[in-house]
Amino acid sequence: MSSFFQTNRMVQGLIRFWRSLLRRILHWWVRTTEVPDDPNELKLDPEKPVFYVLESYALTNLLILEQLCRKNGWPSPTESLETPEIRLHRSYGALKRFRGLFFRRLTNRRHSEMLKQLVGAAHEQGLKDVQILPVSVLIGRAPDTEDSIFKILFSENWDVGGRLKRFFSTVINGRATFVHFGQPITLARLLETSQDSSRDLRRLSRVLRVHFKRVRTAAIGPDRSHRRTLVERILRAEGVQQAIEAKARRDDISQDKARAIARKYAWEISAHYSYSFVRIAEILLTWFWNRIYRGIKVYHFSGFREMAPDHEVIYVPCHRSHIDYMLLSYILYHRGFVPPHIAAGVNLNMPVLGSLLRRGGAFFLRRSFRSQPLYAAVFSEYVSQNITRGIALEYFIEGTRSRTGRLLPPKGGMLTMTIRSFLKNPRRPIMFQPVYIGYERLAEGNAYISELSGHAKKPESLSDLRNVINILRKNYGEVHVSFGEPVMLNHLLGEHHPDWMENGNSGQEKPSWLPPMVDELAQRLMVNINSAAHVNPINLLACALLATRKQAMDERDLIVLLGLYKDLLSDNYSARITVTDRTPRQIIDYGLEIGVIQRRHHRLGDIIQTDQNNAVLLTYFRNNVSHLLALPSWIACCFINNQRVRKVRIRRLSEAIYPFIRKELFLPWSEDELADVLQHYTRVLIRTGMLRSAGDSLQRAPGGSNEAWYLRLLGNALLQTFERYYITIAVLAKNGSGKLSRNQLEQLCMLTAQRISILHEFDAPEFSDKTLFRQFIDSLQALDVLGRSEEGNLTFDQRLERFATDAKLILGKELRHGIIQVTPKLLGNTDEDEGQAA
């Protein structure tokens with residue numbers, strides 16, 4: 001008997017030595033990324049024993065866990081767990097175990113035997129103090145800096161690999177290991193709602209399985225079925241079947257032919273996600289970003305990280321560049337989230353490129369499919385299937401890239417599909433995550449200027465890839481990505497349709513409460529994007545220099561003005577607004593370094609200026625943050641042509657003009673909040689010396705003072721907006737009520753703005769952007785200032801004259817007369833004249 005115990009101790013000693021040796025080898029080779037970064041966030045009680053639960057047992061998983069426990073000062077998982085109530089020979093268990101030397105198969109069991117003993121002891125002996133800590137070990141998931149295709153082939157996925165694959169995975173991807181520690185579960189909390197031992201064991205096992213699945217899904221994406229399987233599932237859906245039957249009847253074709261058309265649509269739309277391709281793209285993009293950018297900075301991600309695992313996430317970024325697609329996916333992947341499926345225009349579905357984009361998660365949609373009910377049914381079902389399967393989506397509700405730097409009016413099509421898909425199968429709550437993306441230089445800048453100047457948009461083609469060579473030759477500064485405040489669909493549904501859970505899927509094609517809810521959702525998302533803006537050095541330089549007549553300033557004045565702008569932009573708009581930490585002098589040096597401004601030496605003091613081409617490009621970056629300066633600029637506008645203005649008049653004019661500014665710039669304050677916000681910014685302007693309080697009036701600083709000039713420059717930031725408003729009113733007034741159609745008014749406004757820009761201002765194409773006039777006309781119609789005659793033309797009354805009268809406070813006499821003089825009556829051939837004006 002003694003020889004048996006001696007042999008047993010010898011075997012145990014050899015096992016411990018072997019594990020120790022392997023652990024040391026792994027410690028030398030493996031590099032881990034831990035979540036959370038700070039182990040103290042788990043709040044483990046050092047006085048209570050810890051039992052670790054792995055998703056599946058593998059020796060490498062155990063050894064990596066053991067090494068991290070040593071580093072964090074936690075009990076070792078290989079040590080026995082001893083309490084007065086129970087004694088276990090080890091402190092870990094695994095939900096899954098596999099059998100087989102090379103071809104491994106999942107053992108058919110419902111729970112861990114070690115967990116069974118723990119829960120049994122909790123019921124029978126009163127064990128309560130043990131902390132159960134879930135641990136996920138993913139080898140080959142955490143990003144690393146080494147460029148190797150082999151790493152991708154042996155990276156973590158949903159397939160069960162043999163020991164040989166696990167060995168190669170550890171050798172090749174060991175330096176890219178991702179370890180996630182879940183929140184500990186105490187047996188005491190489990191027993192609070194205890195029923196019996198077997199039920200508690202099933203409940204605990206189920207909680208752990210769900211947790212591990214969520215971690216793995218967030219890290220490497222859901223277990224995606226084959227694309228062909230998904231297409232067939234879409235074709236079997238009830239809504240698509242009905243659309244196929246309707247197509248067959250309408251076009252007088254067989255149902256088989258109609259089904260073939262539907263199948264073609266599904267293949268045209270659907271993504272073909274490849275994790276291996278994403279890993280290869282990650283390697284290439286890391287090199288690409290390092291080549292063209294000085295850094296990618298991300299803000300407010302930690303709050304998103306906390307909320308995302310409990311929701312289906314819909315990413316809603318602003319759309320500034322084609323780079324947006326790749327950038328957000330890259331950031332998410334680098335922070336432990338699977339890249340989303342991205343809605344892309346069918347114009348990008350080109351040979352070769354389209355196939356690559358599909359493997360990165362892109363799915364394609366046509367610009368409009370209102371007249372194609374079968375296509376609409378297939379696309380809607382595709383979106384629904386993705387949401388049901390837990391796949392994150394990303395789409396741009398602006399519909400296209402902004403050519404001016406402002407947010408574009410949102411389109412509600414994708415939002416409507418998302419909501420209706422959720423109502424059909426509300427499994428997990430949906431979180432819409434707005435994302436602000438800010439650049440310091442744009443690869444498409446010159447193309448945007450060309451389009452705004454009236455040239456036709458050049459369609460995308462494979463030949464555009466040659467531009468990548470030119471892009472690689474330049475540096476585009478930094479990129480700033482900020483996660484805004486999310487919008488929870490459940491909360492919004494509760495506000496608009498309180499009984500949505502009972503009859504949300506009542507069968508109505510389009511319930512009456514849905515359109516206004518979609519409009520509000522779209523508005524909130526745009527406001528939250530703007531409320532997460534980052535103000536970079538180029539934004540500040542653009543705001544300052546473009547406010548001057550010749551886009552040039554004395555360097556000393558520019559330093560003061562940049563400081564004033566930083567103070568204004570850091571105050572009261574939103575807690576998520578961030579501003580560059582560079583000093584005004586450092587901002588100027590940075591602008592000189594990347595080439596957007598120049599220094600001109602002069603004996604009386606250096607002048608900072610920008611050339612004509614850069615000035616036009618800078619309007620884009622000024623517009624990125626124009627919403628942040630909108631209200632202080634509006635107050636300053638009131639004093640451009642006036643020394644003193646009564647506070648009551650400022651407030652009355654503000655109430656009249658604010659609905660238009662709010663809609664154009666997606667400002668966050670309601671009309672009821674306006675008075676308090678105006679009062680706040682007024683106090684700020686008084687504090688800086690630009691305004692003074694004089695009883696019931698406000699007075700600007702004395703003429704000729706620096707403060708008066710800074711106030712004028714601040715007002716100039718919003719002046720072009722009011723010029724566009726006045727152009728619209730002047731065109732209507734000159735042609736008369738009931739004389740112009742909506743399209744004619746937009747065309748005449750654009751032509752007038754083009755001419756004024758050439759004659760009176762520096763020629764900035766964004767000043768005559770038809771989209772901005774369209775937004776203002778929409779607002780006039782929404783407020784019933786404009787109506788429609790029986791012929792469909794626009795009508796108005798004396799309220800329009802009051803707008804013209806109020807404009808006298810803001811716009812100088814010379815400017816108003818210049819606009820009136822240029823304003824045309826209805827032209828016989830506006831298309832021809834537009835070409836001449838452009």
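Helix 29 gives 6 residues to the lining of the second largest cavity, the largest share from any element. Keep in mind as you explore that this is a predicted model. Helix 25 (612-624) and helix 27 join helix 29 in supplying at least two residues each to this lining. If you want to find the spot, look for Arg-406, Arg-622, Asn-623, Ser-626, Glu-664, Leu-665, Asn-716, Ala-717, Leu-718, Gln-720, Thr-721 and Arg-724, which line the second largest cavity.

**Two cavities side by side in a table**

How many cavities of 30 Å³ or more does a search of the whole structure find? The search finds 5. Here are two of them.

| Cavity | Space | Lining by class |
|---|---|---|
| Largest | About 200 Å³ | 14 nonpolar, no polar and 1 charged residues |
| Second largest | About 80 Å³ | 3 nonpolar, 5 polar and 4 charged residues |

Which residues lie nearest the centre of the largest cavity? They are Ile-657, Phe-722, Phe-803, Asp-806 and Ala-807, out of 15 lining residues. Helix 27 (647-665), helix 29 and helix 32 (798-810) are the elements that give two or more residues to this lining.

**The nonpolar cores**

Phe-722, which you have just met beside the largest cavity, turns up again in the largest nonpolar core. This core has 191 residues, and Phe-722 is among those with the most contacts inside it, together with Phe-304, Phe-379, Phe-432 and Trp-634. Helix 29 (residues 706-735) provides the largest share of this core, 14 residues. Apart from this core lies another one of 23 residues, including Phe-51, Leu-88, Leu-95 and Val-130. As a general background, nonpolar side chains in soluble globular proteins tend to be buried together.

Phe-379 is a good residue to zoom in on. Leaving out residues up to four places away in sequence, Phe-379 touches Ile-269, Phe-363, Phe-364, Leu-365, Phe-369, Met-414 and Met-417.

**How confident is the predictor?**

Across the chain, pLDDT averages 83, and 84% of the residues score at least 70. Where does the score drop below 50? One such stretch is residues 142-147, which has 16 contacts in the model beyond near neighbours in sequence. Another is residues 829-838, where pLDDT stays under 50 and the model has 15 contacts beyond four places in sequence.

Conventions:
Residues are numbered from 1 along each chain as its sequence is written. Side-chain values use heavy atoms; hydrogens and water are left out. A nonpolar core is a set of buried Ala, Val, Leu, Ile, Met, Phe, Trp, Tyr and Cys residues joined through side-chain atoms within 4.5 Å. Buried means under 20% relative accessible area, exposed over 50%, partly exposed in between (1.4 Å probe, protein chains only). Helices (H or I, at least four residues) and strands (E, at least two) are DSSP runs, numbered from the N terminus. Contact means heavy atoms within 4.5 Å. pLDDT is the predictor's confidence in each residue, from 0 to 100. On a 1 Å grid over the protein atoms alone, a cavity is a set of points where a 1.4 Å probe fits but cannot get out, and a pocket is an open set with protein on both sides within 12 Å along at least five of seven lines; lining residues have an atom within 4 Å of a point. Grid points are joined across faces, edges and corners, and a volume is the space filled by probe spheres set on the points. Ala, Val, Leu, Ile, Met, Phe, Trp, Tyr, Cys and Pro count as nonpolar, Asp, Glu, Lys and Arg as charged, and the others, Gly among them, as polar.
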